[in-house]
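Here's a complex to walk through with a few questions and answers. Have a look at it first, then we'll dig in.

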Amino acid sequence: MKGICKSFPGVVALDNVDLTLRPGEVHALLGENGAGKSTLVKVLTGAISRDRGDIILDGNPVEFSTTAEAANLGISTVFQEVNLVSAMSVTKNLALASQTGRFGVISWKKARQDAREKLKRLDLDIDLEQPVGTFSVAIQQLIAIASALNDNTKVLVLDEPTASLDAQETRALFDIVRELKSRGIAVVFITHFLEQVFEISDRISVLRNGQLVGTKPIDDISRGELISMMIGKELGEVESAFSRREGKEPGAEIVRAEGLGRRRTLQPCDISLHKGEVVGLAGLLGSGRTELTKLIFGAIKNDSGTMTVNGKQQLPNTPRKSINTGIALCPEDRKTEGLVGELTIRENIVLSMQAKKGWLRKVPFKEQQKLAAEMIKAMDIATPDAEKQVRQLSGGNQQKVVLARALASKPDVMLLDEPTRGIDVGAHAEIIVLIRKLCEEGLALLVASSEINEIVAVADRVVILRDRSKVGELVGQDVTRDAIIETIAGEDVADS
Amino acid sequence: MTLNKKYLPLIATIVVFVALFVIGGSMYRNFLSTMVLGNILADNSFIIIAAIGATFVILSGGIDLSVGSMIGFVGVCMAVLDSMGWHPLATAIFMLFFGVAFGAAQGFIIDFCKIQPFIVTLAGLFLLRGLCFMVTLDSVPIQHEFVQFYSSIKVDLPGRGVLRSSALVMLVALALGIFIAHFTRFGNHVYAMGGDAESARLMGVNIRTTTVKIYALAGFFSALAGVVYALYTSSGYPLAGSTLELTAIAAVVLGGTLLSGGVGMVAGTLFGGMILGLISTLIIFNGSLNSAWIMISNGALLFLFIVMHRVLVGSFDLKGGTKE
Amino acid sequence: MSQIPDINMGGTTNWFAKIRHSRAIWPLMALAIILIIDAIIMPGFFEIRIVEGRLFGNVIDILYRAVPTALIALGMAIVIGSRGIDLSVGSIVAICGAVIAWRINAGDPHLLVFFYALLAGVICGMWNGMLVAGLGIQPIIATLILMVAGRGIGLLINSLYGGINPSFESELLQGMSTGSVLYIPTRLFAAAAVFFGLWLLIRRTALGLFIEAVGGNAAASALAGVNSRLITFAAYVVCGFTAAFAGVIMTADTHTSDPVSIAMFSELDAILAVVIGGASLSGGRIYLGMTVIGALVIQALTTSILISGLPPEYNLIIKALVVLFVLFLQSENARATFGLMFKRDVK
Amino acid sequence: QTIGFSQVGSEGDWRPAFSQNMRETAEDYGVDLKFANAQGKQEEQLRAVRAFIAQGVDAIVVAPVVVTGWESVLQEAKDAEIPVFLVDRDVEVSDKSLYVTRISADFNLEGKLAGAWLAAESVGTCKIVELQGTTGSAPAIERKGGFEAVIDQFPAMEIVATQSGDFTTEGGKKVMEAFIKSTNNLEGICASFAHNDNMQLGAIQAMKEAGLKPGEDVLMVSVDYVPAIEDALEAGDANASVELRSAVGKFIYPVILDYLEEPKELDKWIVIPSDLHTQ
Ligand SMILES: Nc1ncnc2c1ncn2[C@@H]1O[C@H](COP(=O)(O)OP(=O)(O)OP(=O)(O)O)[C@@H](O)[C@H]1O
Ligand SMILES: Nc1ncnc2c1ncn2[C@@H]1O[C@H](COP(=O)(O)OP(=O)(O)OP(=O)(O)O)[C@@H](O)[C@H]1O
Ligand SMILES: [Mg+2]
Ligand SMILES: [Mg+2]
């Protein structure tokens with residue numbers, strides 16, 4: 001790729017970027033949120049058109065205007081926001097990409113077989129007839145990878161594939177990546193997890209503000225150098241942010257749930273949240289973390305258990321009531337549950353707070369602007385102004401808007417479901433710092449995360465879920481990486 | 001329960017249809033008969049054919065309002081060309097091509113200019129209806145003997161009922177529609193587009209060709225509906241089929257297809273259309289209502305059906321496990 | 001489908017560029033073109049005189065006749081903003097008309113009858129809102145029920161006292177519809193009042209934001225604490241209200257209640273006005289001012305067809321072509337391809 | 001006796017009066033009337049006739065939406081030995097034995113009557129504006145045809161503007177407003193011919209609002225003779241209306257009942273007379 005340029009209204013997303021990929025290498029593409037990584041791969045794979053520049057494949061300049069054409073030429077992609085049609089079954093989704101069948105006729109038997117084979121390569125054994133939307137984000141991610149791979153793939157682009165995978169799944173994915181690499185496929189790998197970069201990649205390229213900072217072999221660069229390449233300044237505190245912090249005594253109890261559960265969704269479990277305390281929520285994918293946060297928030301109706309907020313019985317609740325009593329949720333899936341893509345950043349940020357105030361008492365426009373500007377500054381959201389549509393933001397920045405909105409409603413309790421999914425190192429550290437700050441200000445926080453490091457870094461107390469029921473709780477000194485993993489694994493480890 | 005959830009709306013539609021049919025039978029003499037069933041199939045055949053095309057459009061998240069005008073336009077062309085000595089079959093084929101071309105043009109405008117389908121096809125509705133008036137203002141009979149031959153094709157049903165040729169054409173069209181929707185790559189693309197157009201695009205569905213194909217297919221089915229209507233009434237009438245687009249859309253939606261796209265089945269459309277026919281027939285059998293009450297009962301029965309449908313789907317859903 | 005706008009906002013400092021990039025330019029331009037063509041085919045088109053104590057002329061006529069469409073379209077814009085649609089507006093007009101004729105002939109005070117009519121519209125809106133927000137029925141189908149039954153209800157009300165299309169006399173209502181104040185048609189004041197009221201309701205309270213949020217993403221809005229059902233419900237009630245207001249004006253215009261044919265196809269014109277005003281039928285945005293411009297475009301077109309002297313057979317074709325033309329004007333892609341008006345500047 | 005009656009719709013003033021008369025007089029004749037309203041759609045009407053056949057009524061009365069398209073369904077009625085009577089509009093069928101008779105007025109004649117009256121009143125010199133019915137509908141086409149047939153005889157009579165007012169008061173008013181503007185306050189216009197009274201009533205309102213005097217400045221002639229136009233004639237706002245009788249039950253039922261008693265060949269058209277009413 002040579003001299004690629006792309007601008008959107010108000011932003012130059014890519015400015016003269018060159019990128020070379022060699023067969024059989026894993027090329028990591030790094031940069032802060034909004035640096036232009038996703039845009040670059042979208043250009044590379046025909047999802048959007050470029051303003052200028054050439055794409056040269058095997059020595060020949062190539063042109064394509066759709067992802068299908070790109071895939072035929074050998075460039076396959078898994079995009080950042082999981083891109084599957086959630087109402088359709090797995091088989092049907094996988095059949096979208098494949099070109100089998102004569103006269104456009106599909107044999108579902110064959111399609112199912114193909115699908116099963118494709119998924120087998122990723123060690124995925126799921127019901128092919130279920131709509132994709134019923135699976136967790138992680139499974140969907142794997143399905144998307146399966147669908148992107150085809151026989152003549154020369155370049156595979158993975159845009160933050162590991163953002164919602166746990167360690168085990170990531171390892172499985174890396175095995176696949178290594179296998180592809182050995183077949184001579186060039187893999188472009190975008191992630192914000194630096195360990196993974198060092199683990200798998202051969203070379204790295206760093207983007208900053210739409211410009212290429214540099215391309216280097218992985219062996220020539222240290223972690224520190226890499227981070228400073230990305231954010232353009234030294235950052236010791238990035239590292240220190242992840243170190244465990246000793247908690248102080250938690251304050252008064254705000255939320256107390258007893259036997260909260262719902263049939264087929266979550267076994268009844270107890271949980272309590274205190275002022276000035278961060279509770280981590282750990283578990284494997286599908287263990288029910290999302291469900292627990294939603295049950296507390298009232299987004300899913302419970303069929304058992306009771307809950308008290310500030311000592312008052314509060315059941316059955318709805319999201320609106322929860323927000324009114326000072327509970328805020330940052331949902332996991334920002335695209336479908338988090339943001340209103342059509343609306344601007346300002347409007348999204350104001351929404352919750354306004355809902356709390358009611359429709360009659362409108363927050364004056366000036367105040368909205370002020371609030372949005374503050375939030376953009378505080379969260380370091382990369383945008384020219386607050387009037388940009390949220391759907392035009394990069395993934396990480398969207399996540400920040402979700403957080404900003406929850407904060408704007410001035411909650412006492414924040415439920416964060418995967419708050420750092422898809423967020424760059426710098427911002428990751430900032431969010432962890434933010435969580436701690438909020439905690440010090442007396443908020444009660446519940447943080448569900450797949451990243452055990454993160455939980456260890458922020459949590460005073462950890463609740464561990466397995467197979468949709470609570471299996472343990474660790475407090476204070478006991479919160480360590482190993483202890484959490486052990487509890488998550490439970491008897492499985494003991495057996496083996 | 002092993003029943004796939006996606007069949008629920010369809011099953012509910014069928015259940016409600018049968019229930020209404022039986023209730024009608026208990027109220028009116030001669031209602032529960034193959035004759036009435038045959039009538040419903042024939043009298044709604046063109047609505048259902050047009051609705052099959054509309055099903056694809058709606059599945060893809062779009063809408064097609066040009067259906068009714070297309071029926072009128074095809075009719076007047078058939079009639080006028082008949083008076084100029086064309087064989088009805090030749091005109092029919094010609095009009096089917098026209099339908100495909102017109103639909104494709106609509107699809108192209110929708111995708112290329114990024115104009116909303118509702119509006120493009122609304123312009124199509126105005127345009128085709130206007131063209132009808134250009135062709136003729138009178139109603140014109142089709143006198144070719146082929147028409148007699150066509151209407152003489154019948155399959156007897158047990159009892160006094162018959163399956164008329166229109167119903168037969170409709171059943172063939174239905175089979176074709178089901179095949180295209182569920183057994184071709186195109187059909188899969190339609191569902192994908194309706195489910196999530198952006199994802200479908202990123203997964204390699206060519207949105208432009210698919211859109212053009214969808215509206216071309218809808219154009220084909222509405223032109224076919226026009227042909228059936230013209231042969232069925234053996235005439236062309238410039239006002240024929242007005243507001244039929246809404247009836248077709250209602251048939252699709254009553255058949256369990258979501259207007260937001262991505263969810264639904266072609267087979268449901270058959271029953272959706274038949275339910276509309278059943279409602280009208282019930283009111284005619286009653287016969288004691290004045291115009292005011294006829295309109296009100298039409299709405300009330302529609303409401304009743306929708307509520308029954310929702311209750312059925314809802315109660316199944318609870319047994320079926322977690323709700324979305 | 002995300003549509004990536006290609007315009008370069010780099011140098012929007014001068015007013016010319018600002019206007020060029022404002023979304024209002026295209027409908028306004030369409031309106032201007034239609035009026036210019038009118039002026040060419042009919043000399044004296046812009047002439048305005050005073051007849052019978054009010055302004056009289058084609059331009060006034062367009063404004064005057066656009067009022068009902070604009071009123072209905074305003075409500076429609078709000079429903080469309082919530083990702084809904086209301087097909088029953090024509091029927092609501094019919095019901096209001098019947099209520100007016102009925103109560104006036106029954107001798108109620110006319111001001112009270114005016115409120116009865118509005119109340120009838122609000123009740124219709126509540127019914128629609130209940131079906132959509134309460135029972136979760138798809139808007140097209142939910143409002144189709146009232147569309148089918150509504151005119152029958154109108155007929156029924158008429159037949160309550162044995163009238164076939166009864167007429168009535170009311171100085172108050174007719175004055176509001178066809179009268180004038182200070183030479184200006186009263187209905188323009190009425191429409192302006194409704195417009196301003198709606199604007200206050202939508203933009204001075206948070207209702208607009210909530211409706212747009214629900215229309216953009218109902219699930220996310222609910223999780224953000226918006227009562228999405230109530231908001232959807234409210235949108236239909238507002239739409240019922242504006243349709244009823246239009247109903248008062250339309251019925252008083254002919255001072256007859258004719259439920260079967262009054263406001264036929266008005267839902268299509270209203271939707272068209274909203275879309276010409278730049279809103280998307282997939283919800284998420286409400287543009288009140290632009291909707292009014294959309295209604296003016298449609299009425300200017302209708303009026304020009306009527307005065308053009310062409311036989312009525314051509315009405316629909318002309319309408320179709322003009323609508324397509326307006327939409328082409330609005331479409332980035334079409335403009336770029338056909339090189340219409342402005343060349344895009346390449347930086 | 002059970003009789004099925006398929007009516008066109010319920011538009012305007014005239015047709016509901018017609019339906020109401022049919023329903024009310026049915027009792028007088030001891031007829032059980034099954035009433036179906038096609039809302040202007042032929043497909044609904046075909047459905048109704050088929051349903052009547054399935055139901056096994058004794059006779060079917062149809063007021064056709066359109067003249068064409070009746071061949072096969074009338075054949076079915078004949079096969080089921082149910083006699084069919086037409087009221088109002090005609091049908092075009094190759095085999096006239098498919099229906100017993102048509103009992104109705106003559107639209108074309110109505111147009112002619114209006115034209116003749118106008119020719120006499122204006123002494124053969126007149127510029128006319130015309131308010132058409134729904135484009136493509138039978139009464140619109142036939143009334144226009146009859147009217148033009150007469151005025152074509154007079155070189156100094158011509159239609160200078162014509163538009164569709166869709167048979168509604170609202171439509172008539174809008175169209176007349178536009179005519180007023182486009183003809184500079186109806187300058188030189190001597191008459192307004194409307195295909196039905198409702199449109200004419202709308203036109204009268206529009207003219208009054210523009211400060212014109214309908215009935216004096218301009219001759220107003222229309223068709224139907226509904227109660228509202230009677231008032232207008234009285235007040236001098238309208239000049240003439242051709243009556244299309246709506247109280248026709250007394251013409252129709254006896255014919256049908258006699259036929260059911262004793263089937264016999266009848267004339268294919270029993271014309272109900274149209275009268276011209278003037279101020
Ligand atoms: N459709 C669009 N319209 C306008 N601006 C856009 C659009 N898509 C992306 N941008 C802007 O382009 C810039 C680059 O975005 P991109 O998605 O490439 O970032 P990224 O490096 O992938 O970030 P992340 O790590 O958060 O995913 C951002 O400032 C974003 O706001
Ligand atoms: N291995 C698996 N096979 C099949 N289905 C799975 C699997 N893992 C998860 N799921 C499905 O994914 C859905 C989502 O699970 P849930 O949201 O509870 O996960 P979670 O613990 O919140 O994890 P995360 O938030 O990290 O996705 C569940 O309904 C479950 O049926
Ligand atoms: Mg990205
Ligand atoms: Mg989760």
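**A walk through the predicted model**

Q: Which residues coordinate the magnesium ion (ligand 4)?
A: This is a predicted model, so take what follows as computed from it. The magnesium ion (ligand 4) has its donors at 1.7 to 2.8 Å. One is the OG1 atom of a threonine, and OE atoms of a glutamate complete the list. The residues are A:Thr290 and A:Glu332.

Q: How many residues apart in sequence are the parts that A:Thr290 and A:Glu332 tie together?
A: A:Thr290 sits in helix 10 (residues 289–297) of chain A. A:Glu332 is in the loop between strand 17 (327–330) and helix 12 (334–338) of chain A. The pair therefore links parts of the chain whose separation in sequence is 42 residues.

Q: Are A:Thr290 and A:Glu332 buried or exposed?
A: Buried here means under 20% relative accessible area. A:Thr290 meets that, and so does A:Glu332, which makes the verdict for each of them buried.

Q: Which strands stand at the edges of the open sheet in chain A?
A: The sheet has 6 strands in the order 7-8-9-3-10-11, with mixed pairing. An edge strand has a single partner, so one side of it is left without a neighbour in the sheet. That describes strand 7 (75–78) and strand 11 (211–217) of chain A.

Q: By how many degrees are neighbouring strands of this sheet turned against each other on average?
A: Direction is ignored for this one. On average, the turn between neighbouring strands of the sheet comes to 15 degrees.

Q: Which helix packs on the sheet, touching strand 7 and strand 8 of chain A?
A: Strand 7 and strand 8 (residues 155–159) of chain A run parallel and are joined by 4 bridges. Within that pairing, A:Val78 is opposite A:Leu158. The helix touching both strands has a direction about 170 degrees from that of strand 7, and it is helix 5 (residues 137–148) of chain A.

Q: Which chains share the most contacts?
A: There are 5 pairs of chains in contact. In one of these pairs, 44 residues of chain B meet 47 residues of chain C. Those two chains bury about 4100 Å² between them, 83% of it on carbon and sulfur atoms, and the rule finds 0 salt bridges across their interface. The pair with the most contacts is chains B and C.

Q: Which residues form the salt bridge across the interface of chain C and chain A?
A: Here 29 residues of chain C contact 33 residues of chain A. About 2400 Å² is buried between the two chains, 66% of it on carbon and sulfur atoms. The rule finds 1 salt bridge across this interface. Its closest N and O atoms are 2.9 Å apart, and the partners are C:Arg285 and A:Glu347.

Q: How far apart are the closest C-alpha atoms of chain A and chain D?
A: Contact needs heavy atoms within 4.5 Å. No contact joins chain A and chain D, and their closest C-alpha atoms are separated by 36 Å.

Q: How many of the 11 residues of helix 9 of chain B are buried?
A: Helix 9 (residues 185–195) of chain B is largely enclosed by the rest of the structure. Its cover includes helix 3 (90–97) and helix 4 (108–121) of chain A, along with helix 8 (165–183) and helix 11 (207–233) of chain B. Among the buried residues are B:Phe186, B:His189 and B:Tyr191. The count of buried residues is 10.

Q: Which residues of strand 3 of chain D are buried on its two sides?
A: Strand 3 (residues 59–62) of chain D runs parallel to strand 1 (residues 2–7), with 4 bridges between them. Strand 3 also runs parallel to strand 4 (residues 84–87) of chain D, joined by 3 bridges. Both faces of strand 3 are covered: one side has D:Ala59 and D:Val61, the other D:Ile60 and D:Val62.

Q: Which residues does C:Thr254 touch, not counting those up to four places away in sequence?
A: C:Thr254 belongs to helix 11 (residues 228–254) of chain C. Its relative accessible area is 5%, so C:Thr254 counts as buried. The residues touched are D:Thr169, D:Glu170, D:Lys173 and D:Gln205.

How values were computed: Residues are numbered from 1 along each chain as its sequence is written. Chains are lettered from A and ligands numbered from 1 in the order in which they are written. This is a predicted model: local features need pLDDT of at least 70, side-chain atom pairs count only at pLDDT 80 or more; totals for chains, interfaces and linings use all residues. Side-chain values use heavy atoms; hydrogens and water are left out. Donors are N, O and S atoms within 2.8 Å of the metal (3.2 Å for Na, K and Ca); water is not among the atoms, so sites may look incomplete. Buried means under 20% relative accessible area, exposed over 50%, partly exposed in between (1.4 Å probe, protein chains only). Two strands pair if DSSP finds at least two bridges between them. Axes are lines fitted to C-alpha atoms, for helices over the stretch in contact, and angles run from 0 to 180 degrees between N-to-C directions. Buried area is the accessible area (1.4 Å probe) that two parts lose on being put together, summed over both. A salt bridge is a side-chain nitrogen of Lys or Arg within 4 Å of a carboxyl oxygen of Asp or Glu.
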